[in-house]
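Got the viewer open and a selection box ready? Let's walk through this one stop by stop.

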Amino acid sequence: MKTNGHDATVALGGKVQGFAENDGAKGTKASGEIRLYAVPEPVMKRAHVSGMSAYEELVAEAGADHSAYWARLAREFVTWKRPFTQSLDDSEAPFFKWFEDGTLNVSYNCLDRQVERGLGDKVAILFEADDGQVSRVTYSELLARTCRLANVLRARGVKKGDRVVIYMSMSVEGVVAMQACARIGATHSVVFGGFSAQSLRDRMEGAGAVMVITADEQLRGGKQLPLKAIVDEAIALGGCDAVKDVIVYKRTGAKIAWHPSRDHWMHEATEGQPDTCEPEWVGAEHPLFLLYTSGSTGKPKGVQHSTGGYLLHAAVTTKWTFDLHDNDVFWCTADIGWVTGHTYIAYGPLAIGATQVVFEGVPTYPDAGRFWKMIQDHKVTVFYTAPTAIRSLIKAVSANDAAHPKHYDLSSLRILGSVGEPINPAAWEWYHAHVGGGRCPIVDTFWQTETGGHMITPLPGATPLLPGSCTLPFPGIAAAIVDDIGNDVPDGQGGMLVVKKPWPGMIRTIWNEDERFKDSYFPRELKGYYLAGDGAIRDEATGYFTITGRIDDVLNVSGHRMGTMEIESALVSCTELVAEAAVVGRPDETTGETICAFVVLKGPRPTGDAAKKIAAELRSWVGKEIGPIAKPKDIRFGDNLPKTRSGKIMRRLLRSIAKDEPITQDISTLENPAVLDQLMERN
Ligand code: WT7
């Protein structure tokens with residue numbers, strides 16, 4: 001195989017196919033011909049999974065005996081206290097169990113094991129604060145800090161299986177809080193700092209949390225944002241009587257309200273605690289964490305993850321997808337409030353003994369060169385971020401060339417990653433050329449909160465790349481595209497993305513909602529396959545997957561997952577003003593999608609300044625109900641919503657109106673065509 005990026009002949013799916021490349025038209029699809037980016041020779045040479053044949057061998061191994069393949073990896077990647085004797089138990093499908101009689105501890109695997117392997121003095125976390133201050137924490141120190149906090153949790157009566165909510169800024173302390181829960185077998189539920197008191201309350205109540213770990217404030221982009229005050233407000237809303245203690249990390253030292261019977265400073269509580277703490281050895285199926293995420297109905301789902309299977313998936317995907325070696329410096333820019341921050345900050349990199357950067361701030365502060373400066377300063381080798389960040393930085397560069405990556409030395413980079421939403425080919429090409437200097441493969445990783453880790457992704461030393469495509473399933477992931485009765489659709493024809501076989505990192509259930517778990521992910525008509533909720537299409541020549549977007553009422557705004565029904569419920573809960581609301585997504589060049597709300601007020605339909613004023617009020621209402629990330633960008637008012645004669649809201653029509661598109665749909669079944677003109681008016 002030639003590897004100069006001008007010609008690639010690769011074996012895919014057992015078939016050998018040739019791809020010619022013309023200069024200036026790399027990695028694009030033109031006149032039925034597909035041009036791929038070849039795997040760069042130096043990347044292939046040192047890769048854990050080196051070359052397409054190595055990838056295919058793994059796929060064949062999993063194909064021959066799925067559960068034996070995962071059992072082999074579980075023995076290689078995880079240290080067990082008591083080894084498991086059975087790999088997959090599917091007797092109660094879809095409640096699958098993996099490695100069930102094995103016992104282990106995640107924090108032991110991430111910390112003690114690295115120290116025992118001689119990595120005690122290796123930097124585990126290189127933390128850069130919002131203001132640029134840098135601190136380094138070694139594996140030994142991280143272990144000691146985790147043990148001290150774990151001892152505090154135990155001393156305050158937190159037991160195995162208890163739930164602890166973590167509402168924290170991006171910090172070493174946030175990672176320590178998650179690891180400390182894992183150490184004592186407490187199930188954590190991290191809530192993103194951008195959620196409101198109401199959302200936090202709902203999640204605390206849903207999880208039945210006994211403790212909250214938070215910070216006085218978070219510091220992002222030079223701004224101080226309250227956390228502890230929101231925890232107080234959430235508890236005051238009621239329903240969280242189980243919460244006995246609030247542990248507060250002092251980040252900014254701001255003045256905060258204090259409840260002596262409930263609140264404890266983290267630094268005071270951990271002082272004098274021993275640096276050691278016996279891990280709680282738990283069964284492989286013990287719930288390591290819950291993470292609430294949006295679904296197509298109003299109420300967020302508490303996605304429940306396991307201990308053994310999850311840790312395995314985190315460790316093996318971190319190692320293979322990012323091809324991490326001992327001297328790499330990995331940086332995942334996600335927040336620990338999302339699943340990416342769980343799997344690729346708090347667990348995966350530590351489980352394989354890597355050095356990683358943890359960043360408190362935002363990509364545009366003090367200027368839009370911040371990411372590039374940090375890559376340069378810390379000699380980052382593997383960089384993992386979201387398309388929305390890339391697109392906003394491209395925009396920043398066009399406004400001010402000083403933020404262009406070319407002004408920084410990014411030669412340390414080997415591999416780039418993308419996550420959270422589809423990456424459009426133009427953003428991919430820019431990322432590849434200007435950040436990766438044309439030499440770094442981009443792994444476009446498709447996965448979900450529910451999947452635990454990567455599902456469909458290139459492996460950098462094996463998979464030729466096609467911009468905009470997440471390429472091929474991770475070895476051991478039985479991804480497929482089917483129609484609405486579960487039959488395979490031919491390549492080149494779109495359908496629903498499913499996973500035909502269980503995998504170790506998968507969601508175990510929705511917390512306290514087993515039936516909803518079955519209905520949402522294993523609908524009867526789909527032959528027992530896992531339904532991802534995304535549409536996908538597979539290319540005929542390469543077998544590569546491209547994700548075409550959600551097939552349910554879930555939006556993706558700047559990589560944040562939001563349910564349209566959730567926002568609608570928030571709007572109509574403003575009972576003083578709102579009679580009815582419908583929310584749809586509008587494609588957006590930078591954020592992927594934006595939120596558009598169509599609202600019918602109880603009073604007369606407002607226009608002009610009055611409409612603007614009410615729209616602003618409703619925006620801040622949604623901000624209070626859910627969080628600033630859910631505020632609709634565009635709010636429009638009508639005397640009614642477009643409905644069919646049977647009263648069904650015509651959402652497809654609303655999506656066209658939101659895009660300011662001429663209406664081409666058949667509106668003959670529309671009962672009230674007069675409202676269309678009203679809804680086209682922007683405020
Ligand atoms: C949804 C899951 C994956 C962790 C962060 C988001 C979309 C995610 C990709 C990708 C196209 C993607 C899907 C998916 N998505 N990654 N590489 N290409 N779409 O996790 O909040 O659970 O959202 O994000 O629509 O279903 P999440």
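Where does UniProt place the feature "domain: Acetyl-coenzyme A synthetase N-terminal"? The record, an unreviewed entry, puts this domain at residues 55–110; UniProt positions are in the numbering used here, feature names are shortened, and annotations may be inferred rather than shown by experiment. Before you click, two notes on the ground rules. You are looking at a predicted model, where local features need pLDDT of at least 70, side-chain atom pairs count only at pLDDT 80 or more, and totals for chains, interfaces and linings use all residues. Residues are numbered from 1 along each chain as its sequence is written, and side-chain values use heavy atoms, with hydrogens and water left out.

**Stop 1: the two annotated domains**

Select 55–110. Helix makes up 48% of this stretch and strand 11%, with the end C-alpha atoms 27 Å apart. Helices (H or I, at least four residues) and strands (E, at least two) are DSSP runs numbered from the N terminus.

While you are there, zoom in on Pro94. The bond leading into it from Ala93 is cis, with omega near 5°. Pro94 sits in the loop between strand S5 (88–89) and strand S6 (97–98).

Now select 112–503, which UniProt lists as "domain: AMP-dependent synthetase/ligase" (unreviewed entry). This span is 31% helix and 21% strand, and its end C-alpha atoms lie 27 Å apart.

**Stop 2: Asp130 and a ruler**

Pick Asp130, in the loop between strand S8 (123–128) and strand S9 (134–138). Buried or exposed, at 3% relative accessibility? Asp130 counts as buried; the cut-offs are under 20% relative accessible area for buried, over 50% for exposed, and partly exposed in between (1.4 Å probe, protein chains only). Draw a distance from Asp130 to Ala64: the two are 66 residues apart along the chain, and their C-alpha atoms are separated by 49 Å.

**Stop 3: the cavity**

Rolling a probe the size of a water molecule over the atoms shows where empty space is left. Here a cavity is a set of points, on a 1 Å grid over the protein atoms alone, where a 1.4 Å probe fits but cannot get out; lining residues have an atom within 4 Å of a point. Grid points are joined across faces, edges and corners, and a volume is the space filled by probe spheres set on the points.

How many cavities of 30 Å³ or more are there? The count is 1. The largest cavity has a volume of about 50 Å³. To see its walls, show Leu104, Asn105, Val106, Cys181, Ala182, Gly185, Ala186, Val282, His286, Pro287, Leu288 and Thr307 as sticks. That lining has 8 nonpolar, 4 polar and no charged residues, where Ala, Val, Leu, Ile, Met, Phe, Trp, Tyr, Cys and Pro count as nonpolar, Asp, Glu, Lys and Arg as charged, and the others, Gly among them, as polar.

**Stop 4: helix H10**

Next, select 308–321, which is helix H10. Its 14 residues reach 20 Å from first C-alpha to last, close to the 20 Å expected at 1.5 Å a residue; that expected span is 1.5 Å times one less than the number of residues. Add the surroundings back: 13 of the 14 residues of H10 are buried, so the helix is largely enclosed by the rest of the structure. Just after H10, check Asp323, which takes a positive phi of about 45°.

**Stop 5: another cis proline, then Gln448**

Jump to Pro366, in the loop between strand S21 (355–359) and helix H12 (370–378). The peptide bond from Tyr365 to Pro366 is cis, with omega near 0°.

Then find Gln448 between strand S24 (442–445) and strand S25 (479–482). Gln448 is buried at 6% relative accessibility, and its side chain has a polar contact of 3.4 Å with that of Asp534. A polar contact is a pair of N or O atoms within 3.5 Å; within protein, one must be able to donate a hydrogen and the other to accept it, and residues adjacent in sequence count only if both atoms are side-chain atoms.

**Stop 6: the loop before H15**

Glu513 lies in the loop between strand S27 (509–510) and helix H15 (514–521). Its side chain makes polar contacts with the side chains of Lys299 (3.3 Å) and Arg516 (3.1 Å). Asn512 is in the loop between S27 and H15 too, with phi near 65°; Asn512 is exposed, at 65% relative accessible area.

**Stop 7: the last picks**

Ser558 has a positive phi of about 50° although it is not a glycine. Look for Ser558 between strand S30 (554–557) and strand S31 (560–563).

Finish at Val572, in helix H16 (residues 564–572). UniProt places a "binding site" (unreviewed entry) at Val572 and Val578. Val572 is partly exposed, with a relative accessible area of 33%.

Definitions and conventions: 1 Å grid on protein atoms, 1.4 Å probe; cavity = no way out; pocket = protein on both sides within 12 Å on 5 of 7 lines; lining within 4 Å.
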